[in-house]
Amino acid sequence: MIRTIHFITLFFALTLAFKSYAQDSRAVSFDKSWRFIKDTLKGAENPGYNDSEWRTLNLPHDWSIEDLPNQKEGEVQGPFTKASIGKAATGFTVGGIGWYRKTFILDNSYKGKKTYILFDGVYMDADVWINGHHLGNHPYGYTSFSYDLTNYLTAIGKPNVIAVRAKNLGKNSRWYSGSGIYRHVWLLPMNEVRTKLWGNFVTTPAVSSNQATINSQITVENTSSQKKAITVKFELLNSLGQVVTSKMQPLIIPRDSSAVLSQKLIVTNPKLWGLDNPVLYKSRVSLIADNKVIDRTETPFGIRSLKFDGQKGLLLNGQVVKLKGGCVHHDLGPLGAASIDRAEERKVELIKKAGYNAIRLSHNPPSPGFLNACDRLGMLVLDEAFDMWEKAKNPEDYHLYFKDWSQRDLESIILRDRNHPSVMMWSIGNEIFEASDSAGYRNAKRLSEEVRKLDPTRPITDAIVFLPGYTQKPWAAYEPHVANLDIDGYNYFLDRSIYFQRDSATLHRFETERAKHPDKLYLSTEYLPGSALENWDETEKYPWFLGGFCWTAIDYIGEAGLGKSLTVPESQKLPKGIMGIGLFYRNNWPVYNAYCGDLDLIGDRKTESYYKNVVWRNNPIEMLVHRPVPAGQKEVIATWGMPDEIKSWTWPGEEGKKMQVDVYTRSKTVKLELNGKVIAVQDVPVGSITATFQIEYQPGILVAKSFDGDKETGSSILSTAGKPVGIRLIADRKKINADPNDLSFVSVEVIDSKGNVVPSVDGLQINFKLTGAAEIAAVGNGSPSDMSSFQQHHKQVYQGKAQAIVRPTGTIGTATLTAVADGLNGGEVQIVIK
């Protein structure tokens, strides 16, 4: 148990044991009661430094999502400022230098132990001190790292001070990173003889429905001055916590050394981990000396067969799986980068509900909580290490540290993540600038060999980009690089956007490379939202083409306006080429998020998601209506976006005017009915799934029906909403745990008298009030350009919707959220906190 001392109030307070998902079952949460200040200070690492005026907060914490001082409309709004160094790339947010300090006392349970501190992630360039002693510096903002505190701790019962300085300076990221200790922190009290951190590697080399072979390879450390003879007990536990098989094995470890021990266990009639039924087991390893358990770890894993066959593709438990994948960045919308476990879980839930079965972690390793959620929910993961190697993409990015740190960071990623059944593949890089030169060849070989040494069970890829204007060398220069990969990952090779101006050779690169390497597999590591059909057609056509990852599954902060279509004067000329059009979109204050996701920042579905519903054959038909384009204007569809349309037939003020209606279907014919009358019939163009209509807007019920010949295959209905009369609050979970790592996401809807959402309502401010055992962690909406605060207790609606996120404060009880707005009946929801 850890105790936190507050010298200001002169009393001791026991730390709550937060229920978060630790990387190591021996870990104790160290998240509570830190002091924080954003400032450039000298001497704050010293134990006697006066931090009494600093804020007290709990981790995870992201200071970049917090409101900036000196708010000024059009200049500084919420956490956004035009003075941002990163500009549109980081969503007009700011970094800086932040200090964290925590004073704590260890009780007798730590006596005689080795005590480590483990950080899930700090962004970035973190320096750590204990009682004034500098433990080290960790530059990379996305990898986990630990330090041994033991030799620098005070006596049991005496106060200790840990200090952390995070520096997010200069241009170091191409997207919103967040700042500070944005993931969990843990203490690891361990005996002198123990299983090493991340030291149990569980594999499933033989799997069938009748029997599975489980191999557990452990690394045991002995940091004592004497040789130790122990017994190692291996147990496998099912999802109910029952032991299904076990073995014991003796082990002698010389002093101050480590030993590797492997054990094979058999499970009969195993429950397999899969996309639809992701059953998890645990590998429990106990170290026993003198008939006492001196160390115990429990490692979750899944029993599953994962094979990549050059002729059949990806087989999960013997069944072919085609990847319906989406790329994601790590932020959590209104929460910023703060990695709260429930927010990570909900993100995966939303992506899976939208039809995805795979996620590419772009372009860095995730939080442990995110991978735990993928394990529990049944989601395949492409785990990616780096966005750059030796050549910079920004002046202060990871290229400064790559030579000295890439091997250590890669080891952290692989050792930490290799037991997750969701992780199917490793990526060693994204769009690496030196991929086609000798440095790229050298590093691709080195990194690939390191991955295979640490985990020989999964294939390796990286994301190769080959675009006119972006790449300068011919394809032949890339071949020595991709020779190091087990699977070739290509970005945008099948995309036929007018901005890419692709040549035939590039569009058919998959086929030509496959002809040269008939046993190799291929996938699209990125493709444009508007190219989903072309990519999925290739996926269905070729067994060796695994599928792909759309950019992106969900909106993220940064790369502002990347996917947001615009209206401009009809006479305006547009820049040519992909880079020019990209710059055109990204100088677009007050837009702060990329707006290229299938889901918006609060998780609601957008055009891209409905389109993929039909592409992936999940729904037979979807209908959307284009937002009216003002007279004298034209729409410019963003390269990474789609037309500005929504699922709505509520357009007050547009009566009698022509509206564009897009119907997506794989059927041959579409019929439109308005208020019970057929108003249009159209054949879907060959090679397309889109039928476009221009019809007069009249309120009522619009129905689209799809046909193959005389057979109706599906229908989609849109109804006109009435005038807004009230607010409806819907909690995604009305019972949550009294744990700050749990959350309730409350949808805020403006509704008419019949309970229909009124999507024509934009800009109406909703005011929130929360009472009880919780706090409002954040508020948000789906607008890419609403730069108002995420932390004040009010937010405007966008298309009739907003969101409030409720977080428990740690006590049992109830919390009541109310929402009011001018001219509307208020809404209320009660959340039980147990």
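Start by selecting residues 765-772, which form strand 46, together with residues 813-820, which form strand 50. In this predicted model, the two strands pair in the antiparallel sense over 6 bridges. For a detail within this pair, pick glycine 772: its bridge partner in strand 50 is alanine 815.

Keep strands 46 and 50 on screen and widen the selection to the sheet around them. Which strands make up this sheet, and in what order? The order is 44-51-50-46-48, giving an open sheet of 5 strands with mixed pairing. Next, go to its edges: select 735-736 for strand 44 and 794-796 for strand 48. Each of these has a single partner strand, so one side of each is left without a neighbour in the sheet. If you turn on hydrogen bonds, remember that strands of a sheet pair through backbone hydrogen bonds, either parallel or antiparallel.

Now zoom out and select the whole chain. Colour by secondary structure, and there are 10 helices and 51 strands to find. Turn the C-alpha trace along its principal axes, where the chain spans about 85 × 65 × 50 Å. The radius of gyration is 28 Å, which agrees with the value near 28 Å for a compact globule of 834 residues.

How much of the chain is buried? Buried residues account for 61% of the 834. Contacts are worth a look too: of those between residues at least 6 apart in sequence, 73% join residues at least 24 apart.

Finish with the surface. The accessible area is about 32000 Å², and 50% of that belongs to carbon and sulfur atoms. Colour the charges last: the mean positions of the 97 positive and 91 negative ones are 4 Å apart.

Notes: Residues numbered from 1 in each chain as written. Predicted model: local features only at pLDDT ≥ 70, side-chain atom pairs only at ≥ 80, totals over all residues. Heavy atoms only, no water. Helix = DSSP H or I, 4+ residues; strand = E, 2+ residues; numbered from the N terminus. Rg over C-alpha atoms; globule rule 2.2 N^0.38 Å. Buried < 20%, exposed > 50% of the residue type's maximum accessible area, 1.4 Å probe, protein only. Contact = heavy atoms within 4.5 Å. Areas by Shrake-Rupley, 256 points an atom, 1.4 Å probe, with all protein chains shown as cover. Lys, Arg positive; Asp, Glu negative; His and termini not counted. Charge placed at Lys NZ, Arg CZ, Asp CG, Glu CD. Pairing = 2+ DSSP bridges.
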